[in-house]
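Trainee: I am new to this structure and would like a close look at a single part of it. Could you walk me carefully through one strand and its partners, and then through what lies around them?

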Amino acid sequence: KKLKNYLVKEGITGKEVEITGIDGDFKSSLTAYHDFKEKLTNLSLNQAEKECIILNVTLFGDDKAILKQRLKKLFPELTEKQRDSISKLPYRGWGRLSKVFLEEMEAPAPETGVLFKNPVIPGYNPDPSICRVGDDFYLVNSTFEFFPGVPVYHSKNLVNWELKGYCLNRRSQLELEGCRNSGGIYAPTIRYHKGMFYMITTNVTDKGNFVVHTDNIDGEWSDPAWIDQGGIDPSLFWDEDDKCYYCSTGILDGVRGIVAFEINPMTGEILSDKHLISEGCGGQCAEGPHIYKKDGMYYLMIAEGGTEYAHRETIQRSASVWGPYTPCPHNPIISHKEYKKSEIQATGHADLVEDANGSWWLVFLGIRRFSHALLHNLGRETFLAPVTWKDGWPVVGYNVNGTIELVMDAPLPGLED
């Protein structure tokens, strides 16, 4: 806090600063930081632009190619020579100050969007699923052995979330007698169709997969409609003809994968033959499936690798809801397995949503590891990343390699001018 006060409030410009309680390493870092700011002065940038560049250098300084790409996106008015100059400036001496700037700096990215912090729902909020109704977004999470079950969050901008209530708040909906640690409710999905909200999930302690519904998100949800299908992580998808399709993990004819069929979502009645539509894209534990439709193609998105450090999200597409599905050539679309220096790890189990402006977003789980070890203590949290589409496939974030950051910028919906 003393360091922040000197940098932000008192506007220190000297190269050497005595700060009580700050050791010599921080003083040398501060010196290096001011050297960097002085060099930026020669580029004729305003203060907000300087601070935005400093933030991006802090995030991407180890990868000059990504840094230059980010600078080109954020500052199209910069010349190639200026971008080269910035990418070559020494910053390592003040890299340890990154948390101060990431947590306290308020300078927005010019024109391109708004800075937001991940996770958007911190703490124990795993397996997010999301839907949109008009300008409102609703999100649910797993609750396992805890009661009440399946929280419902509401947001207008995908970043500021308010707890509205719980889908499962009666014993007739949620039986947990004899529930083991990490038993109970697994991976819910929330969907909205023609005036009705649906939440489908698995109670591994009770009778398995079921769906509940309500026409009032602030009111009570129905008792469960149980579904005669094993496996976990069920999801619902409505096609243009109003047919509703179910998908989840399962075993069909001795083969483990993703099982799909037509369903009555009000009663749980199975209305078609069961189909094994995918065995995944090569990773273990193919689970958390969701089906979407965009530009006439069906997309099947799956979590793979297990919900640990090899966690990832893959996607496939097909001209038919039953397949065959072709994997995305740049799978996984999100994974931090090879991004070990990031505080964010175990990314996956995701859901896609399109906002009213036509922008796409991904919510997914992740963990924040300790700086000194591959350990964490806050559980699996809910993260957000912008999505663009290229050649008919989703591209997550702006690093082009399926990784995301603690601070990102994107054109968030629902923000006042």
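Mentor: In this predicted model, strand β4 and strand β5, which covers residues 162-168, pair in the antiparallel sense over five bridges, and within that pairing the bridge partner of V152 is G165 in β5. The two strands form a hairpin with six residues between them, and in the turn L158 has a positive phi of about 75 degrees. β4 also pairs with β3, again in the antiparallel sense, this time over four bridges, and here L139 stands opposite Y153 in β4. As for its surroundings, β4 spans residues 149-155 and is mostly covered, with seven of its seven residues buried.

From β3 the picture can be carried into the interior. The largest nonpolar core has 38 residues, of which W161, L362, L384 and I404 touch the most other members. Among the strands that each supply at least two residues of this core are β3 (136-140), β15 (297-304), β19 and β21 (381-390), while β20 gives the most to the core, with five residues.

Several of these contributors belong to a sheet of their own, in which four strands form an open arrangement in the order β19-β20-β21-β22, with antiparallel pairing. Because β19 (344-354) and β22 (393-396) stand at the edges, each with a single partner strand, one side of each is left without a neighbour in the sheet. From one strand to the next, the twist averages 35 degrees. Looking at one edge of this sheet, seven bridges join β19 to β20, the strand of residues 360-368, and the two run antiparallel; at one of the paired positions, G348 has L365 in β20 as its bridge partner.

β19 also leads to another feature, since it is one of the strands, together with β2 (129-133), β6 (185-193), β10 (235-238) and β14 (287-294), that each supply at least two residues of the lining of the second largest pocket. This pocket holds about 660 Å³ of space, and of the 19 residues that line it, R191, Y192, F237, W238 and Y292 lie nearest its centre. The largest share of the lining, four residues, comes from β14, and by class the lining has eleven nonpolar, one polar and seven charged residues.

Key: Residues numbered from 1 in each chain as written. Predicted model: local features only at pLDDT ≥ 70, side-chain atom pairs only at ≥ 80, totals over all residues. Heavy atoms only, no water. Pairing = 2+ DSSP bridges. Axes fitted to C-alpha atoms, helices over the stretch in contact; angles between N-to-C directions. 1 Å grid on protein atoms, 1.4 Å probe; cavity = no way out; pocket = protein on both sides within 12 Å on 5 of 7 lines; lining within 4 Å. Points joined across faces, edges and corners; volume = space filled by probe spheres on them. Nonpolar A, V, L, I, M, F, W, Y, C, P; charged D, E, K, R; others polar. Core = buried A, V, L, I, M, F, W, Y, C linked by side-chain atoms within 4.5 Å. Buried < 20%, exposed > 50% of the residue type's maximum accessible area, 1.4 Å probe, protein only.
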